[in-house]
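Please open the structure in your viewer and keep the selection tool at hand. This tour moves from the whole chain to single residues, with a short stop at each place.

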Amino acid sequence: MVFVNKLEAPPPIARGPGPRWFRFGLVGLALVYYGALVHHPQDTRWVRPAAFFTDATCLFPRSDAVALEYRLEVWVCDKEWALIDPQPYFPIRPDDKESRFQRLAYFYSRTRPAMQALDAYVSAGHAAGADDGVTGKIGGIRLIKVERPLPSPGDPVARYHFDPRAPIPAEQRHDLYYTPESQRKRRCSGS
């Protein structure tokens with residue numbers, strides 16, 4: 001004969017937090033969030049927080065169409081602008097996009113004190129005999145941003161190679177900073 005203890009109650013069923021109406025509200029909120037992930041709300045003033053949290057599914061909603069590269073030119077006294085090799089001035093990872101020169105230009109190209117410090121650093125380094133590919137006295141620098149178009153999806157991508165003295169097509173060139181002419185003349189005259 002099997003003895004059954006009638007005092008034990010059946011195990012309780014696990015329930016979610018709060019009352020039933022609250023749980024259904026959470027399900028509704030989850031469905032609205034899922035809909036916003038699929039169809040992103042416009043980034044207007046009052047919907048901006050929701051748009052921020054639903055943009056997570058767009059890994060690159062405004063991806064670049066160009067590859068950025070920075071070059072450096074120097075003013076050869078009383079002659080012309082000439083492209084130089086910045087690698088002697090920035091020896092850490094000199095041949096790739098993680099070069100200290102590329103990072104400096106990317107993050108600080110619009111910061112005038114940083115560009116003036118770069119100008120003084122390159123001018124002093126050239127005067128000290130750095131092998132940058134330019135001979136003679138220099139009066140200043142010009143920082144250039146090169147915007148090369150990226151290939152279309154599916155097209156072959158050439159391996160990156162930094163050639164600091166390669167010609168720059170005019171439509172890809174953007175001058176960011178240059179030493180003022182008065183300062184170039186002063187440096188070239190030696191005063």
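**The whole chain**

Begin with the cartoon view of the whole chain, which has five helices and four strands, where helices (H or I, at least four residues) and strands (E, at least two) are DSSP runs, numbered from the N terminus. Following the sequence from its start, you will meet these elements in the pattern α-α-β-β-α-α-β-β-α. The chain has a radius of gyration of 31 Å, well over the 16 Å that the globule rule gives for 191 residues, so it is more spread out than a compact globule; the radius is taken over C-alpha atoms, and the rule is 2.2 Å times the number of residues to the power 0.38. Along the principal axes, the C-alpha atoms fill a box of roughly 110 × 45 × 40 Å.

Before you select anything, note that this is a predicted model, in which local features need pLDDT of at least 70 and side-chain atom pairs count only at pLDDT 80 or more, while totals for chains, interfaces and linings use all residues. Residues are numbered from 1 along each chain as its sequence is written, and side-chain values use heavy atoms, with hydrogens and water left out.

If you now switch on the surface, 31% of the 191 residues count as buried, where buried means under 20% relative accessible area, exposed over 50%, and partly exposed in between (1.4 Å probe, protein chains only).

**The aromatic rings**

Next, show the side chains of the aromatic residues, among which a search of the whole structure finds six pairs. Rings of Phe, Tyr and Trp (its six-membered ring) pair if their centres lie within 6.5 Å, and planes under 30 degrees apart count as stacked, over 60 as edge-to-face and the rest as tilted. Select Tyr 89 and Tyr 121, whose ring centres are 6.1 Å apart and whose planes stand at 70 degrees, so the pair is edge-to-face. Tyr 89 lies in the loop between strand S2 (80-84) and helix H3 (100-108), and Tyr 121 in helix H4 (residues 112-127), so the pair ties together parts that are 32 residues apart in sequence. Tyr 89 counts as buried at 4% relative accessibility, whereas Tyr 121, at 42%, counts as partly exposed.

Now move to Tyr 106 and Phe 107, an edge-to-face pair with 4.9 Å from centre to centre and 90 degrees between the planes. Here Tyr 106 counts as partly exposed at 42% relative accessibility, and Phe 107 as exposed at 52%. To finish this stop, select Tyr 89, Phe 90, Phe 101 and Tyr 121 together, which ring pairs link into a cluster.

**Three single residues**

Select Ser 63, found in the loop between helix H2 (48-54) and strand S1 (66-76), where this serine is exposed with a relative accessible area of 51%. A distance drawn from its C-alpha atom to that of Leu 29, 34 residues apart along the chain, spans 30 Å.

Go on to Ala 117 in helix H4, which is partly exposed, with a relative accessible area of 45%.

The last stop is Arg 165, in the loop between strand S3 (138-149) and strand S4 (173-178). Which residues is Arg 165 in contact with, leaving aside its neighbours within four places in sequence? Select Leu 83, Ile 84, Gly 133 and Val 134 to see these contacts of Arg 165, where contact means heavy atoms within 4.5 Å.
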